[in-house]
Structure formats: C-alpha cells, structure tokens
Amino acid sequence: LILHSSPLPLYCCKTVRKMKCRINPGNNENCFVPISEIIAVEETEFNKKQRNIGRWQKMAKLHAFTVHYVKKARNHRWRCSAATFWCVDEHLCNQWTQALKELLEMQKSRPKQLLVYINPFGGKRQGKRIYEQKVAPLFSLASISTDVVVTEHANHAKDNLFEVNIYKYDGVVCVGGDGMFSEVMHGLIGRMQKDSGIDQNNPKASLVQCNIRIGIIPAGSTDCICYSTVGISDPVTSALHIIVGDCQPLDVSSVHHNDTFLKYSVSLLGYGFYGDILKDSEKKRWMGPMRYDYSGFKTFLSHHYYEGTIAYQPAKHTHGSPRDKVSCRTGCYICKQSEKQLAEQNKEHGLKKEEGEEEWKVIKGKFLAINAVNMSCACPRSPKGLSPAAHLADGSADLILVRKCSRFDFLRYLVRHTNQDDQFDFPFVDVYRVKCFQFTSKLSEDNESNVMDVGKKRFGQFCRDHPACCCNIVNSTWNCDGETLDSSAIEVRVHCQLMKLFARGIEEDCKDEAGHSQSSIEQLL
C-alpha cells in the first residue's frame, strides 16, 4: 500500500484498531480521522491515468479502495471527503478493506434504518429538493435504508408517528424548520407516553424518556434548534452527524393550563414581545421570512407591556448560572453533573415530595417580555442567542424577565443580542435558572370580577399608559417554539434529557483536521 510514495505495511492496522486512520487526501498533507468519523469504505476500480507515478508505470494492475470520511471546516461545517489508497497486492488491499468495514460495523450507535419526514411547504419550499440532492446520496453511501414520507398537511407527521411501528427504526429525521421538528418531537414523545400509559395532562407526571433519536435537516425559515445544537444550519453537516450516529440529550419543557396539556417546548417560550411578534406575523405568511422583520419592527413601536405574576422554583441542582458565561459545548461538564445531581435528588426525596418542600419565589410586575429558554436560542442574526450560558441538558430553563422600561432602553437590550456585551446587565432585566414556573396574567387574576367590567377597566388603564397607540390589548400570546398558545396562564416544567438528537452539541474548536503539521503527525505515529 502506497502513502506518500512510502510502503505502509499491514501491521499499521494497529493504528486503525486504536480508532485512528492515517489518510492522505491527495494534497501532500496527512490527517488523522477517527473510525467514528469514517462514512464508508468501498472497493475502487483503479485507473492508471488517475495516478501516473514513475515507478508504478510498469505495474500491470493496481488494486485500490476509497475511504469516505468527515472533513471538518470552519464555522462547524462538515463535508464528505474521500481518499483512495492503492497497492499491487490484491490480498493486502482486501485485508484493509475488510478490516475497515468490520470496524465500522462495530459502531453500534450508527443508524441502519431511518424514518424521514419532509415538509415540502416550509421555508422557501426547498425541503424535498434539499433532501433528494444533498442528503439522500449521503445516506445511500453510508448504506442507510430510509422510509420517506412527504407531509401533505399540518400534523401529518405527528399523527403518522402514532400509527407506524417506530421501534423498527434507529431514528426519525425531519426535513424542514423548527415547526417541523416540533411536530415530530410531539409525535415521538406523545407516542412514548401513550405506550407507557403516562397521562400527559398531569403536569407533575414523570415522563418516559424517548430514546429514539431525532435528526434535523434544516430547510425552514428559522432553524434555531439546529443552529443551537450543531453550530450551523447546513443540510450536509446535519446529514453527516446523523450518519456517524451522534447523540445529544435535550431537555424538554411541558406546558399545561388547568391540568390540561398544551405543548412541549425545547427552545423558546416567549410572552409579550416575542408572543406579539408571532401573533402578528401569522397574519402575514404571504410575506415569507420577511414577515418576522416587519412584525418585529411593528411590535417594537407599539411597546406594549403586560401585568402578571410569576412563581418559580430555582434549579438548585444545576452547577451553572445564567450569567457565568460558560457556554454549553460538546461533552458539557455542567450538563453531566447537573443530570447526576438531579437524579440523586429525585432518588432520595421523590419528585413530588421535593417540589412540595421547596419554596416558590413570586414576582409581580409589568413586563415587556417574559422569556423561558431551554437552550441559547442562537441563530445567525444573534450568535449568542437569548441566553448565551443556557445548557441543552442540565434539567433547567433560563427565565428572563424584561420589566417595563423606555423604548430606548428596550432597544439597547435588543441590540445586545447581536454583540458581545452582557445582555443581562440592565436594571430592568432579571434572569433566573429554574426547573419549573407558573405565570398568571393580571386579567386572569381579576376573573372573579365581571369580565366585561374588567375589560373596560383595563382598556382605560392601557389607553392612558399608551396614548399614542390607543391600544386595547390586556393579554399577550405565548410563543412556544414558533407556535401560538391560546392560554396566557400556564404552568411549565422542565424534564431533564427527555429526548435525544443526532447531534453532539457545538464543538469547542472545529478546525480542519488536515491542518495538523507533519511533525505532529509523525509524533502521534
């Protein structure tokens, strides 16, 4: 076998057995690729014209195999690269090919069969094209079989997940935006609770963990969840994370109203500013993604605030805090330790007893925005997100309260989402790490009075507070992962690592592996 015009004897398979493979990409550079990041190995028909190397010109026949592997580029982008190895000994070539294939078979976390849902209407209506042109060829190369369902209406995927035999699949892939992911997530979690006899309407129920991983192929207007868990919204990168079998646990919040289940949330629960934006943008879907900019500007100018009461239980089990500036990254220590401590607490005290003993903290006031996030909610426009130090799997949510302030101060707060300044460093912004909370609007609190009288009373108050807009809004709408909730009074509970994604979190330093120097390679060898 020839590598850099030097014979590489078969005993170097020991290097491979250590989960590393020395690869020459053909550009006179070496790189190490873990077996876990090799996509496929296949025999290759060698063409002499491809390699007209001096001393090999006299050889009658060369034998070759090609290794397809993950090549990491900047900004967390992954690409499928290939390296072809050749030699004159057919037996030696077959030994290498067989040895590599056997090592790949030992990667038990890799999916063999996937259920794929494609939303052809989301985003720019490119979901089907993106899957067929960019994703399907990679799945085929990795010998992954797929059952593809192109959704025809809202909740098609969710309803289908209650009917199919999901246990024969190694994972479910959704091609679309955050809305498509939410639909698949509700279907999978709901199916697991149904099969386990768990009543989702009980807000204190201990939900069964969903071990069937979800893969996200971004193809929507917003791909916040993909961006926050992979580091980039790129279909090829996401497909490669699925192929290599990555696994990232994810916290899920359940939302209830009067002992009735409403929704699950994994990214944003927003009342006030973000709820108003969503409510207004839903009427302007014909504008496409631009509707969010228009509605956001309109909502900012209206400057509505809402009165209410928030009660929450602090997440005492977590090892981090919302302002410690420790970002959640691959193999996050805080997530692992927080999960371990939470499990120990529940084992010692029991979930219900623990909640009854712990003190609820209560806050009343007037708020421009109430946000609860299970992840940073980072996106290209806001690289840090709503809460830069939020963690994916620590069993808590960051509760952000933006109190009534001037329009100028609120603008300063919003601008800080786009730069490196501390967005919580304002006297009118408070942030808490919680495991559950409840919110009741002022209108709901006054429901004992006549509803019409309350409406008139609140209408007069808001007109005095907002003489320029002459508004009559007394309640906002909850924005739950991009979908509206009709009830303003809700109870929210975080379920630690309820589900899993085909992801590994955002890697700390995603450099091109080919960038290693020759000397460091030789030292490793």
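Two strands are taken to pair if DSSP finds at least two bridges between them. In the predicted model described here, strand S12 (residues 248–257) and strand S13 (residues 260–265) are joined by 5 bridges and run antiparallel. Within this pairing, Val 255 has Lys 263 of S13 as its bridge partner. The two strands form a hairpin with 2 residues between them, and Asn 258, in the turn, adopts a positive phi of about 50°.

A positive phi also occurs just after helix H7, where Gly 245 takes a value of about 80°. Helix H7 itself (residues 235–243) is mostly covered, with 9 of its 9 residues buried. The buried residues of H7 include Pro 235, Val 236 and Leu 240, as well as the polar-named positions Thr 237, Ser 238 and His 241. The remaining buried positions of H7 are Ala 239, Ile 242 and Ile 243.

The structure holds 17 salt bridges. In one of these, the side chains of Glu 37 and Arg 504 meet with an N to O distance of 3.3 Å. Glu 37 lies in the loop between strand S4 (31–34) and S5, and Arg 504 in the loop between strand S21 (490–501) and helix H15 (518–524), so the pair ties together parts that are 467 residues apart in sequence. Glu 37 and Arg 504 are both buried.

A further salt bridge is formed by the side chains of Asp 234 and Arg 79, at 2.8 Å from N to O. This pair likewise links distant parts of the chain: Asp 234 belongs to the loop between helix H6 (224–230) and H7, whereas Arg 79 belongs to strand S7 (residues 78–87), 155 residues apart. Asp 234 has a relative accessible area of 7% and is therefore buried, since buried means under 20%. Arg 79, by contrast, counts as partly exposed because its relative accessibility is 32%.

Glu 105 and Lys 112 also form a salt bridge, in which the closest N and O atoms are 3.9 Å apart. At 42% relative accessibility, Lys 112 counts as partly exposed. Elsewhere, salt bridges with shared partners join Glu 37, Lys 72, Asp 246, Arg 504 and Glu 507 into one network. The buried pair of Glu 37 and Arg 504 is thus part of this network.

On the surface, Glu 43, Glu 45, Asp 89 and Glu 90 form a negative patch. Of these residues, Glu 45 is located in the loop between strand S5 (38–44) and strand S6 (63–72). Glu 45 counts as exposed because its relative accessibility is 75%, the cut-off for exposed residues being over 50%.

Two further positions were examined for their surroundings. Val 150 is part of strand S9 (residues 145–150) and, at 30% relative accessibility, counts as partly exposed. The C-alpha atoms of Val 150 and Phe 121 are separated by 10.0 Å, the two residues being 29 apart along the chain. Thr 299 is part of helix H9 (residues 290–302) and counts as buried because its relative accessibility is 8%. Between the C-alpha atoms of Thr 299 and Asp 280, which are 19 residues apart along the chain, the separation is 8.3 Å.

How values were computed. Residues numbered from 1 in each chain as written. Predicted model: local features only at pLDDT ≥ 70, side-chain atom pairs only at ≥ 80, totals over all residues. Heavy atoms only, no water. Patch = residues over 30% accessible without salt bridge, like charges linked within 9 Å, V, L, I, M, F, W, Y side chains within 5 Å. Areas by Shrake-Rupley, 256 points an atom, 1.4 Å probe, with all protein chains shown as cover. Salt bridge = Lys/Arg side-chain N within 4 Å of Asp/Glu carboxyl O. Lys, Arg positive; Asp, Glu negative; His and termini not counted. Charge placed at Lys NZ, Arg CZ, Asp CG, Glu CD. Helix = DSSP H or I, 4+ residues; strand = E, 2+ residues; numbered from the N terminus. Buried < 20%, exposed > 50% of the residue type's maximum accessible area, 1.4 Å probe, protein only.
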